[in-house]
Amino acid sequence: MLTFHNPLHHGHAPVHEFFRGERVPCFEKPARADYVEAALKARGHALQAPEQNSSAVLGQVHAPRYLAFLREAWAQWLALDAGNAACQPFPSVWPVRTLRSDVEPDNFVAKLGLYSMDNGSPLAEGTWVAAKAGADAALSAAMRVAQGLRAAFCCTRPPGHHAGPDFMGGYCFLNNAAVAAQGLRNAGAARVAVLDVDYHHGNGTQAIFYDRADVLFASIHGDPRTEYPFYLGHADETGAGQGEGFNLNLPLPAGTPAPAWFAALDSACARIAGHRADALVVSLGLDTFEGDPISRFALASGDFFRVGERLARLGLPTVFVLEGGYAAAELGTNAVNVLEGFEG
Ligand code: SP5
Ligand code: ZN
């Protein structure tokens, strides 16, 4: 499958994240994309550098002040203290209910809290450049599909589906899948569907399209009562305004075995077929894998061929965008299994 990779992803290499108050090595690490690239090459798939500039589309899915913050964040962090080059910034205060988010504070850490949903999205020196190149890769894949290619894959990190209109979260900064979907709309697709099969609910993508009928969002994920991102992803979230009926959440309990997961995939596919979509974007998280260190579904490597086969039966021009998946050494095999299952 034609793949756009992200030649700049190594610049996003934060060292640690927090888990239960302790610093632990980042799960979302450069080796993830390296393993996927290696598996693609080993199995004969062509890799290309991005050929589109996503700046205008990013402005359609993210708020200008958020994009400006992200672009300048590392420089502002260094401006606080030159020694910060060796440290990672984390937010420590957030504008929850009753606090104002309309006035951007001058204080850098306060701004970081304003634009973050968690303290789980560490910034590094190359984060903006890497995330922007990933969005360029997603738009490149979408444009090739808009021009008539059956399918294309965006192999990138950091992932994107937790990033909302004006916030980062869950290792995500720019919403690559939303860029692909909006790019397809701009190129003439009247209706687009986004199917999110990452273990974690794609709260950012849902938020971006929640009041729109032109982009259906469907997601299969760990029940947010117990699983990240906790505060979105329930079955009663069906869309708002014009978008009412164009959001489908299929939460499943942690520990759900593969047959029930595939039944949910059938339900999501039925809804997508009913949308009469002109194109499909798949937020391809592989953290549904039984060996994933931070997730609790149980798909085996061989099951990922069946995921691709089922998606192919929708008969839609399809853009695959890499999201999560933290069993790094198996990530390449699992991702390419989906793509080859799709290609038949
Ligand atoms: C894109 C994506 O998959 N983002 C996931 C973000 C999850 N953030 C919460 C991570 C919690 C890590 N818990 C470690 C458990 C180790 N037993
Ligand atoms: Zn995930």
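Is Cys154 buried or exposed? In this predicted model, Cys154 has a relative accessibility of 0% and therefore counts as buried.

**First stop: the cysteines**

Select Cys154 together with Cys155. The sulfur of Cys155 is the nearest cysteine sulfur to that of Cys154, yet it lies 7.5 Å away. Because a disulfide requires two cysteine sulfur atoms within 2.5 Å, this separation is too far for a bond. Cys155 also counts as buried, at 1% relative accessibility. Searching the whole structure yields zero disulfides.

**Second stop: the zinc ion**

Select ligand 2, the zinc ion, and display its protein donors: Asp198 through OD, His200 through ND1 and Asp287 through OD. These donors lie 1.9 to 2.0 Å from the ion. Along the chain, the donors follow the spacing D-x1-H-x86-D. His200 is located in the loop between strand E6 (192–196) and helix H7 (203–209), while Asp287 is located in the loop between strand E9 (279–284) and helix H9 (303–312); the pair therefore ties together parts that are 87 residues apart in sequence. Both His200 and Asp287 are buried. If the angles at the ion are displayed, the four donor atoms subtend 101 to 136°. The arrangement is irregular because a tetrahedral assignment requires all angles to lie between 85 and 135 degrees.

**Third stop: the aromatic pairs**

Across the whole structure, a search finds eleven aromatic pairs. Begin with Trp77 and Phe108, whose ring centres are 5.8 Å apart and whose planes meet at 40°, so the pair is tilted. Trp77 belongs to helix H3 (residues 64–80) and Phe108 to helix H4 (residues 108–114), so this contact ties together parts that are 31 residues apart in sequence. Trp77 is buried, with a relative accessible area of 11%, and Phe108 counts as buried at 4% relative accessibility.

Move next to Tyr171 and Tyr326, an edge-to-face pair with 5.5 Å from centre to centre and 70° between the planes. Tyr171 sits in the loop between strand E5 (151–155) and helix H6 (176–186), and Tyr326 in the loop between strand E10 (318–322) and helix H10 (328–343), so the pair ties together parts that are 155 residues apart in sequence. Tyr171 and Tyr326 are both buried.

Then extend the selection around Trp77 and Phe108: ring pairs link these two residues with Tyr66, Phe69 and Tyr115 into a cluster.

**Last stop: a charge over a ring**

Finally, select Arg306 and Phe262. Arg306 lies over the face of Phe262, 4.0 Å from the ring centre.

Technical notes. Residues are numbered from 1 along each chain as its sequence is written. Chains are lettered from A and ligands numbered from 1 in the order in which they are written. This is a predicted model: local features need pLDDT of at least 70, side-chain atom pairs count only at pLDDT 80 or more; totals for chains, interfaces and linings use all residues. Side-chain values use heavy atoms; hydrogens and water are left out. Donors are N, O and S atoms within 2.8 Å of the metal (3.2 Å for Na, K and Ca); water is not among the atoms, so sites may look incomplete. Four donors count as tetrahedral if all angles lie between 85 and 135 degrees; four count as square planar and six as octahedral if opposite donors are over 155 degrees apart and all others between 65 and 115; anything else is irregular. Helices (H or I, at least four residues) and strands (E, at least two) are DSSP runs, numbered from the N terminus. Buried means under 20% relative accessible area, exposed over 50%, partly exposed in between (1.4 Å probe, protein chains only). Rings of Phe, Tyr and Trp (its six-membered ring) pair if their centres lie within 6.5 Å; planes under 30 degrees apart count as stacked, over 60 as edge-to-face and the rest as tilted. A charge sits over a ring if NZ of Lys or CZ of Arg is within 6 Å of the ring centre and within 35 degrees of the ring normal.
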